[in-house]
Structures are given as structure tokens and as C-alpha cells.
Amino acid sequence: MPAAYTGRLATNPIPALRLPEEQLDPEAAYRFIHDELMLDGSSRLNLATFVTTWMDPQAEKLMAETFDKNMIDKDEYPATASIEERCVNMVADLFHAPGLDPEDASTATGVSTIGSSEAVMLAGLALKWRWRAARTGDSSKPNLVLGSNVQVVWEKFCRYFDVEPKYLPMEEGRYVITPEQVREAVDENTIGVVAILGTTFTGELEPVREICEMLDSLAESGGPDVPVHVDAASGGFVVPFLDPHLEWDFRLPRVKSINTSGHKYGLTYPGIGFAVWRTREDLPEELVFRVNYLGGDMPTFTLNFSRPGNQVIGQYYNFLRLGRSGYTDIMKALRGTAVRVSSHLAEHPAFHVITDGSAIPVVSFELTGDRAYTVFDVSHELRARGWQVPAYTMPDNATDVAVLRIVVREGFSADLGRLLCIAIGEVIDQLEESAAGGGHSSATHFAH
């Protein structure tokens with residue numbers, strides 16, 4: 001038996017872009033791929049991503065047991081299909097959809113998706129179909145009103161489905177859209193307004209209720225009657241637990257659809273998301289397909305077809321395992337860590353905190369003054385220490401502002417937050433010393 005790391009694996013290169021001619025021993029194939037993956041950064045220290053990087057071992061076991069189940073085969077896997085339906089009902093109830101019957105799953109209107117990207121496409125299509133149905137014979141091009149701070153999937157939707165995007169610009173110090181901007185932008189060809197509950201750039205909550213009230217007033221005065229979609233990819237599983245009295249969801253009649261990501265603060269591994277509608281009338285029946293070649297008459301409203309059922313199983317595990325009290329405890333803990341980190345940053349003269357992590361556990365901050373280094377330098381040096389903290393410029397009309405962002409997720413403990421603050425202090429010391437030939441230590445300042 002050959003010694004470890006000898007034999008074919010070590011002596012004969014594995015072709016990178018072509019199928020190898022011969023088979024590999026399964027352990028050798030595993031070791032080959034496992035070793036290459038060591039070059040990736042640590043997912044737990046990746047503070048750029050919103051996506052869940054830790055779950056209970058029991059959830060991982062359940063998900064591993066259901067990798068092989070195709071979510072679309074609902075007739076063959078009725079238990080998985082029923083669990084998906086229950087998850088949709090739980091999300092619809094969390095968002096206060098009207099008319100739900102706790103004994104009748106069909107009273108909720110929604111679907112699980114690969115993530116919010118697919119959910120956004122489905123919600124956007126529903127908006128376009130409803131607009132088109134009200135304008136029979138009208139050749140006008142539909143438009144969608146949204147901020148320049150939206151995630152790129154909204155740009156994809158507009159391009160792929162021939163909708164004119166009306167981007168509302170940001171400005172320095174304001175990184176959300178305003179009701180006044182929306183009022184000026186909507187017209188008879190507007191299929192909807194997108195409001196974000198937890199922006200990707202800063203984690204801020206856009207003023208959904210105020211936007212709806214403005215649109216209500218506009219419609220009552222004879223203006224266009226425009227629906228609202230809430231992109232709650234980041235905040236949909238945070239705000240209901242941290243601020244349950246905030247009205248942003250289906251409690252506002254003008255909100256017709258909501259998307260959210262289970263693989264973000266729903267605390268489930270990727271990819272799982274949800275699109276839910278206020279009522280069945282808000283999802284045009286023409287968009288729902290029915291197939292009978294899988295063993296039954298199955299309605300389906302998805303962009304893809306086959307996908308694994310294990311993400312839905314993982315989400316259902318979280319819903320049962322945590323309940324409202326568990327999600328509330330976790331979100332309070334994450335907010336506490338985020339606010340603690342932002343408080344340390346706010347005390348440092350090098351930083352100005354934009355968002356402190358109190359809305360959703362996301363901290364964004366910029367450098368103060370005219371310095372010889374940039375946020376990109378800070379990000380680069382943190383990566384050398386194992387921390388992945390993204391740096392980027394803000395959206396249109398605020399592109400001169402460059403920021404860093406920290407996403408606090410489950411698995412990022414208060415102690416890791418302390419260690420991150422120490423690392424940031426050390427990086428600032430190093431950059432200051434490189435620029436000026438010496439300086440005091442910020443690391444000790446962050447250590448307390």
C-alpha cells in the first residue's frame with residue numbers, strides 16, 4: 001500500500017480542464033479536491049456574505065439525508081412537498097398575510113425558491129402581468145421604480161424581462177430612497193415600486209410605510225395606483241423579531257408581494273428563499289404552470305425546475321427548532337454583537353460609522369478625513385490576517401463615498417467581534433506607520 005500523498009495523486013498531474021483517462025481511488029479524489037479547497041478563505045470569517053455559514057449538526061444530518069430528493073417531484077415525495085407548503089405558510093403568517101387559515105395550507109400564496117434572486121424574478125413577473133392585464137392593447141413599455149442601491153438581481157430582471165428601470169439616486173449621507181423621490185418617478189406605466197428591508201450596501205431599512213402612504217394619497221387624488229414590492233432578502237427574518245411593531249409588510253394594503261432569503265437570516269445553508277403574495281389575486285393565474293408527467297396534476301411557479309429538497313428541510317428544521325422565541329434570541333444576540341463592534345469603531349478617530357447594526361446586524365463605516373490609505377487598503381490588510389471585510393463604493397450620486405461592511409451572522413460570537421476589532425486596530429496602526437513612519441497603537445484601544 002503506497003504511503004500517504006504518493007502514487008498517482010502525487011506523481012501524475014490531474015488534468016484540470018479535461019476528464020482524466022483513468023479512474024481515481026475515492027479517497028485520493030477526495031483528498032485532491034479537499035486540499036485545493038484549503039485555498040478558499042474561511043467561511044466563518046467571511047464578513048462579506050449574508051449567507052449562513054453555521055447550522056446545528058442535526059440540521060446538517062437532515063440535509064445530508066435529503067440531498068437526493070428532487071423538490072419538483074411532489075407526487076413522489078409528498079412529505080417534502082407538504083413541508084415546503086408549511087414553510088410558505090409560516091413565512092406568509094410571519095409577514096401578516098391576510099385571510100390565512102391555520103388548518104388550510106392553500107390559503108397562503110407563495111413558493112419556495114433557490115434564493116431571493118429567483119424570488120425577485122417571480123415577484124417582478126407578477127407585477128408586470130398585473131400591469132399588463134389592466135392595459136389591454138396598450139403598447140407602452142412598463143417601468144419599475146427602484147433605488148440605485150438595489151441588488152444586481154433587480155437589474156437582471158429589468159433587462160431579461162424588458163422592463164425600464166427607473167433608478168432613484170442616492171446622495172452622500174442618504175443611502176435609501178425617499179417617498180418624495182418615488183412620487184416624482186411613478187407614472188401610469190409603473191408596474192411597481194421596490195422598497196428594501198435591509199439594503200445590501202448599508203443594511204438600512206427603507207421607509208416602506210411612508211412610501212405606501214404617499215402612494216395611497218397619490219392614488220386617491222387621481223394619480224396612478226402603483227403596488228409595492230418589499231425586497232426583504234436581508235431583513236425579512238430579522239425585523240419581525242427585533243421590531244415586531246414596525247409596519248412594512250402585508251399590514252400595509254399596498255404591499256402586494258415580499259421576497260426573503262432563508263439562507264441569510266433565516267439561518268439555513270444556501271440556497272433557499274421565498275416569494276409570498278398578499279392574496280391569491282396578486283399572483284396572476286397565467287404564470288402558474290401545471291404538469292402531469294410527474295405522477296399528478298402539479299402547479300408550479302418557478303424559473304428553474306429540478307432542485308434539491310434538502311434546503312427546504314433545513315429551513316423547516318430551523319422553524320421548528322427555534323420558533324419565534326429562538327429567532328428573537330438569536331437576532332438580539334447578533335444585534336448586540338454588531339452594536340458592540342460599531343461602538344468600538346465609532347470611538348476610533350479613523351472611522352465614521354454609517355450604520356451601527358441596530359436595524360439588522362450589519363455595520364457599515366468609512367474612513368474619516370484625508371488619509372494616505374483607503375478602505376480598500378484596510379480590506380486588503382485584514383484579508384492577510386484571515387478576515388474578509390469587503391470595501392466598495394456607494395451607488396450612483398454617492399460614488400465618491402467608499403465604505404467597509406461587516407455582516408454579523410450566527411456563529412460570529414462576541415469574542416470573534418473583539419478579535420476583529422483588535423485586527424482592525426492593528427491594520428490601522430500598520431497603515432498609519434507606513435504613511436508617517438510611526439504611530440501609537442490602536443489595537444489596545446479596541447481590546448477592551
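Which residue in β6 does H229 stand opposite? Keep that one in mind while I walk you through the sheet. Quick reminder before we start: this is a predicted model, so please don't treat it as an experiment.

Okay, the big picture. We've got an open sheet of seven strands, and the pairing is mixed. Reading across, the order goes β1-β7-β6-β5-β4-β2-β3. At the edges sit β1, residues 109-113, and β3, residues 164-168, and each of them pairs on one side only. On average, neighbouring strands in this sheet are turned by 20° against each other, if you ignore direction.

Now let's go in from the β3 side. Strand β2, residues 143-147, runs parallel to β4, residues 190-196, and three bridges join them. If you want a spot to click on, find N143: across from it in β4 is T190.

Next up, β5 and β6. These two pair in the parallel sense, over five bridges. And here's our opening puzzle solved: H229 stands opposite S257 of β6.

On to β6 and β7. Five bridges again, but here the strands run antiparallel. Look for N259, whose bridge partner in β7 is A275.

So is β6 mostly covered or mostly open? Mostly covered: seven of its seven residues are buried.

Last thing, a helix. Helix α5, residues 116-133, lies across β1, β2, β4, β5, β6 and β7. Relative to β6, which spans 255-261, the helix runs at about 165°. Try turning the model until you can see α5 lying across those strands. That's it from me!

How values were computed
Residues are numbered from 1 along each chain as its sequence is written. This is a predicted model: local features need pLDDT of at least 70, side-chain atom pairs count only at pLDDT 80 or more; totals for chains, interfaces and linings use all residues. Side-chain values use heavy atoms; hydrogens and water are left out. Two strands pair if DSSP finds at least two bridges between them. Helices (H or I, at least four residues) and strands (E, at least two) are DSSP runs, numbered from the N terminus. Axes are lines fitted to C-alpha atoms, for helices over the stretch in contact, and angles run from 0 to 180 degrees between N-to-C directions. Contact means heavy atoms within 4.5 Å. Buried means under 20% relative accessible area, exposed over 50%, partly exposed in between (1.4 Å probe, protein chains only).
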